[in-house]
Structures are given as C-alpha cells and as structure tokens.
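Open the model in your viewer and keep the selection tool at hand. The tour goes residue by residue, then helix by helix.

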Amino acid sequence: MERAVLDQLADYFNTRLAAYPTTLAEDESMLTDGSLNPKRRVATQLVRLEKKMLHACLQATTDFINQLPDHSVSPCPAPYAPSIK
C-alpha cells in the first residue's frame, strides 16, 4: 500500500514539474539577466521556489521508495485506490 501511495506522489510531482514551460535551470539563467523586467523577475523567482519545493518533495518520495524492502511494483489492494488531485 505504501508503494502505491508513494508512486502516486512521485507521479504527481513529476506531472506538476512537467507542466511548467521552463526548467529550473532556464529560470536560473533568466534571473542572471540584469535587464529582466522587475515583474517578470519576481514571477520567475516565485516559480523557481515552487519548482525547488517540488524537486525536494520528489527527492524525498524517491528516497522513501528506495527504503522499501521490496522494489517490485504492487497495485493498491484497496477496492478504490486513492487518487491525488
């Protein structure tokens, strides 16, 4: 059951990260541009923080998955598997 929930969390974090039009590295490089519009700079800084949090959550989830005793994929045994929205 834990594996199924952790897999859902990892999928959620990956989906959220994939939805951004730019990568974290691209955001970092935009912020080094001194001529960046101040509003755009603040927006980019906020999005960069969101991405860093999502990356940290994904890393923690991956670490938990790696600590599980069995690395085989097991479906959630509940009649209705929990779904993160």
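Select R48 in this predicted model. R48 sits in helix 3. Is R48 buried or exposed? Its relative accessibility is 19%, and the cut-off for buried is under 20%, so R48 counts as buried. Now show what surrounds R48. Setting aside neighbours within four places in sequence, R48 is in contact with L24, D27, E28 and L31.

Stay on helix 3 and move to T61, which belongs to that helix. T61 has a relative accessible area of 5%, so T61 is buried. Which residues does T61 touch, not counting those up to four places away in sequence? Select L6, L9, A10 and F13.

Next, display helix 1 (residues 2-18) together with helix 3 (residues 38-67). Their axes come within 9 Å and cross at roughly 155°. Angles over 145 degrees count as roughly antiparallel, so helix 1 and helix 3 are roughly antiparallel to each other. Turn the view to look through one helix at the other: helix 1 passes helix 3 in a left-handed crossing.

Colour the contact between the two helices. On the helix 1 side, pick R3, L6, D7, L9, A10, F13, N14, R16 and L17. Their partners in helix 3 are K51, L54, H55, C57, L58, T61, F64 and I65. Sorted by class, this contact of helix 1 with helix 3 holds 10 nonpolar, three polar and four charged residues.

Go to A4, also in helix 1. A4 has 14% relative accessibility, so A4 counts as buried. Draw a distance from the C-alpha atom of A4 to that of I65. The two atoms are separated by 9.7 Å, while the residues are 61 apart along the chain.

Now for the core. Which residues make up the largest nonpolar core? Select six: A10, F13, L17, Y20, L54 and L58. Helix 1 and helix 3 each supply at least two residues of this core. Helix 1 gives the most, with three residues.

Two core members, A10 and F13, were already on screen as contacts of T61. They also take part in the contact of helix 1 with helix 3.

Finish on Y20, another member of the core. Leave out residues up to four places away in sequence, and Y20 touches V47, E50, K51 and L54. Of these, L54 is itself in the core. Both K51 and L54 also appear on the helix 3 side of the contact with helix 1.

Terms used: Residues are numbered from 1 along each chain as its sequence is written. This is a predicted model: local features need pLDDT of at least 70, side-chain atom pairs count only at pLDDT 80 or more; totals for chains, interfaces and linings use all residues. Side-chain values use heavy atoms; hydrogens and water are left out. Axes are lines fitted to C-alpha atoms, for helices over the stretch in contact, and angles run from 0 to 180 degrees between N-to-C directions. Helices (H or I, at least four residues) and strands (E, at least two) are DSSP runs, numbered from the N terminus. Angles under 35 degrees count as roughly parallel, over 145 as roughly antiparallel, 65 to 115 as roughly perpendicular and the rest as oblique. A crossing is left-handed if the near helix is turned anticlockwise from the far one by less than a right angle, and right-handed if clockwise. Contact means heavy atoms within 4.5 Å. Ala, Val, Leu, Ile, Met, Phe, Trp, Tyr, Cys and Pro count as nonpolar, Asp, Glu, Lys and Arg as charged, and the others, Gly among them, as polar. Buried means under 20% relative accessible area, exposed over 50%, partly exposed in between (1.4 Å probe, protein chains only). A nonpolar core is a set of buried Ala, Val, Leu, Ile, Met, Phe, Trp, Tyr and Cys residues joined through side-chain atoms within 4.5 Å.
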